[in-house]
Amino acid sequence: AEALSSKFPAAKGKAPSKTVAIIGGGLAGLSAAKYLSDAGHRPLVLEARDVLGGKVSAWQDKDGDWIETGLHIFFGAYPNMMSLFKELNIEERLQWKVHKMIFAMQEFPGEFTTYDFIPGIPAPFNFGLAILLNQKMLSLPEKIQCLPALLPMLINGQDFIEQQDEKSVLEFMRQYNMPERINTEVFISMAKALDFIDPDKLSMAVVLTAMNRFLNEDDGLQMAFLDGNQPDRLCKPMVDHIEKRGGEVRTKSPVKKIVTNPDGSIKHLEMRDGSTVQADEYVSAMPVDVLKRMEPKEWQKMPFFRQMDELEGIPVINLHLWFDRKLKGVDHLCFSRSPLLSVYADMSITCKEYYDPDRSMLELVFAPCSPLAGGNTNWMTKTDDEIIDATMKELERLFPYEIAADGSKAKLRKFAVVRTPRSVYAAIPGRNKFRPQQRTPIPNFTLAGDWTSQKFLGSMEGALLSGKLAAEVIVDKALGVEPAKSLGKKSVEKEYPDAEK
Ligand code: FAD
């Protein structure tokens with residue numbers, strides 16, 4: 001990650017400076033702009049909303065409390081993110097938690113069990129030991145029964161993992177005779193946390209990719225919370241960096257149309273206010289569902305772009321619950337292992353800006369929340385009250401002494417429900433091969449976004465890396481060098497044989 005970062009300042013002054021219009025001010029768009037500005041180019045980020053960050057965006061309610069699109073966790077195994085924090089000199093903003101994972105005990109309401117990573121023990125032994133030492137979720141024979149499934153990954157690495165993309169987690173488990181209890185004890189909560197879907201829908205490559213990252217790095221699974229809201233604490237320093245180097249970031253600037261020349265290259269962008277934006281190069285850092293709608297007619301028959309038909313965002317809901325008292329919480333992320341909730345945290349403990357010594361604020365991810373993701377209910381169409389009622393019933397199990405669904409114990413002072421109808425791409429089996437590389441067949445158009453091809457999943461790290469790879473494509477093009485064999489490059493699969501023509 002650091003080597004790729006250092007390529008950009010090294011390219012500065014070696015090629016004419018290009019203007020680059022970037023559609024979308026999420027982490028992918030801001031990352032592309034940051035690295036392009038490092039290389040001496042002039043990015044212009046066009047963000048539709050009045051707030052930056054996309055899926056990490058946040059805003060304040062009338063009381064000044066922050067409402068976030070999602071509860072976000074940073075992992076030690078996010079090399080590009082760690083490098084970015086260093087480059088921006090904001091490393092102290094990551095609040096690292098003790099290296100462990102905390103799971104609610106399904107059979108014992110209010111009880112939790114942990115997987116502890118012992119300091120000083122290198123990966124993958126710390127991971128193995130953490131699993132061995134936890135006696136509460138899986139028995140020793142069950143753990144031993146999982147080994148044959150994990151060995152091929154340890155021996156063959158990423159190649160083996162990619163081959164498993166055609167199988168769901170459940171199909172993979174059955175192929176390797178893993179005990180069914182692994183699913184209920186571990187995989188349901190992992191799948192919900194990784195992609196907001198159930199394991200019968202999730203591609204096994206997603207679980208193995210995450211495990212492989214965590215197995216290979218000593219602190220891979222160590223988690224950090226940002227010390228405050230993402231627009232101020234992460235996006236703002238990126239914007240300052242970009243603007244100091246001659247770039248520009250505009251909010252409230254929705255792009256309406258990509259206008260093309262007869263040869264399919266981009267002529268200009270038509271903005272919703274009627275103005276136009278012209279640049280030497282263009283980057284889309286929009287979610288796949290939005291790009292599909294905005295794709296120019298001339299591109300629609302091109303196999304490269306038709307891959308996108310196979311990808312779509314998954315719905316998810318993020319909840320904030322403000323209570324009238326302090327709950328017995330921990331300074332960490334918890335896996336709820338309950339049917340409707342995924343992970344949650346008491347932000348009044350875990351995050352400096354939201355710290356409150358007297359009252360708790362739980363932030364929770366509600367998933368799966370549509371039949372596409374699992375379950376039978378489309379929670380996206382339910383009212384806020386219905387969602388909160390269902391959540392309170394599950395919280396009753398997690399906090400049996402402090403929360404009662406009828407409100408007779410801790411009082412819910414207020415709540416916020418944030419629905420994201422299309423979040424990260426649905427990583428159902430067989431999708432990975434359709435994730436397009438950043439370099440496109442259109443000469444002045446490059447792609448970024450967590451859903452494009454890169455070795456991380458739909459995540460903040462994936463978004464950052466995709467932006468960096470998009471910047472690399474443009475920098476190499478300006479230098480007139482052959483495209484680097486970077487991580488995001490891949491040939492288009494046999495389903496789309498003409499794509500690279
Ligand atoms: P986006 O953030 O979607 O950015 C796209 C941007 O394009 C948006 O700002 C949008 O407004 C803009 N745009 C769209 N159309 C236009 C237009 N016409 N003109 C101009 N701009 C436009 N990741 C983790 O690593 N760890 C986590 O713990 C985690 N938890 C999550 C929890 C939730 C509830 C959610 C929803 C996501 C979570 N993620 C997590 C995933 C992570 O947030 C995303 O992968 C990442 O932020 C995506 O960044 P992006 O830039 O690719 O896309």
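A salt bridge is here a side-chain nitrogen of Lys or Arg within 4 Å of a carboxyl oxygen of Asp or Glu. The legends below refer to a predicted model.

**Figure 1. Confidence along the predicted protein chain.** The mean pLDDT of the protein is 92, with 96% of the residues at 70 or more. Residues 491-501 have a pLDDT below 50. This stretch nevertheless makes 19 contacts in the model beyond near neighbours in sequence.

**Figure 2. Division of the protein into domain 1, domain 2 and domain 3.** Domain 1 is assembled from the segments 2-54, 229-312 and 427-479. Domain 2 covers residues 120-216, and domain 3 covers residues 316-420. Between the centres of domain 1 and domain 2, taken over C-alpha atoms, the separation is 33 Å.

**Figure 3. The contact between domain 1 and domain 2.** Domain 1 contributes 10 residues to the contact, and domain 2 contributes 15 residues. The two domains bury about 950 Å² between them, and carbon and sulfur atoms account for 57% of that area. On the side of domain 1, Ala 427, Pro 429 and Leu 457 supply 52% of the area buried against domain 2; no other three residues supply more.

**Figure 4. Polar and charged pairing across the interface of domain 1 and domain 2.** One salt bridge is counted between the two domains. A salt bridge joins the side chains of Lys 433 and Glu 166, with an N to O distance of 3.0 Å. This distance satisfies the 4 Å cut-off for such a pair. Across the interface, six residue pairs are in polar contact, with both residues of each pair at pLDDT 80 or more. By class, the side of domain 1 that touches domain 2 comprises five nonpolar, two polar and three charged residues.

**Figure 5. Residues around the ligand.** The ligand has 37 residues around it. Those that come nearest are Glu 47, Lys 55, His 72, Tyr 78 and Asp 450.

**Figure 6. Polar side-chain atoms beside ligand oxygen atoms.** For Glu 47, a polar side-chain atom lies 2.5 Å from an oxygen atom of the ligand. In the side chain of Tyr 78, an N or O atom is 2.6 Å from an oxygen atom of the ligand. The corresponding distance for His 72, again from a polar side-chain atom to an oxygen atom of the ligand, is 2.7 Å.

Technical notes: Residues numbered from 1 in each chain as written. Heavy atoms only, no water. pLDDT = per-residue confidence, 0-100. Contact = heavy atoms within 4.5 Å. Domains from an automatic or database assignment. Buried area = accessible area lost by both parts, 1.4 Å probe. Polar contact = N/O pair within 3.5 Å; in protein donor to acceptor, adjacent residues only side chain to side chain. Nonpolar A, V, L, I, M, F, W, Y, C, P; charged D, E, K, R; others polar. Near = heavy atom within 4 Å.
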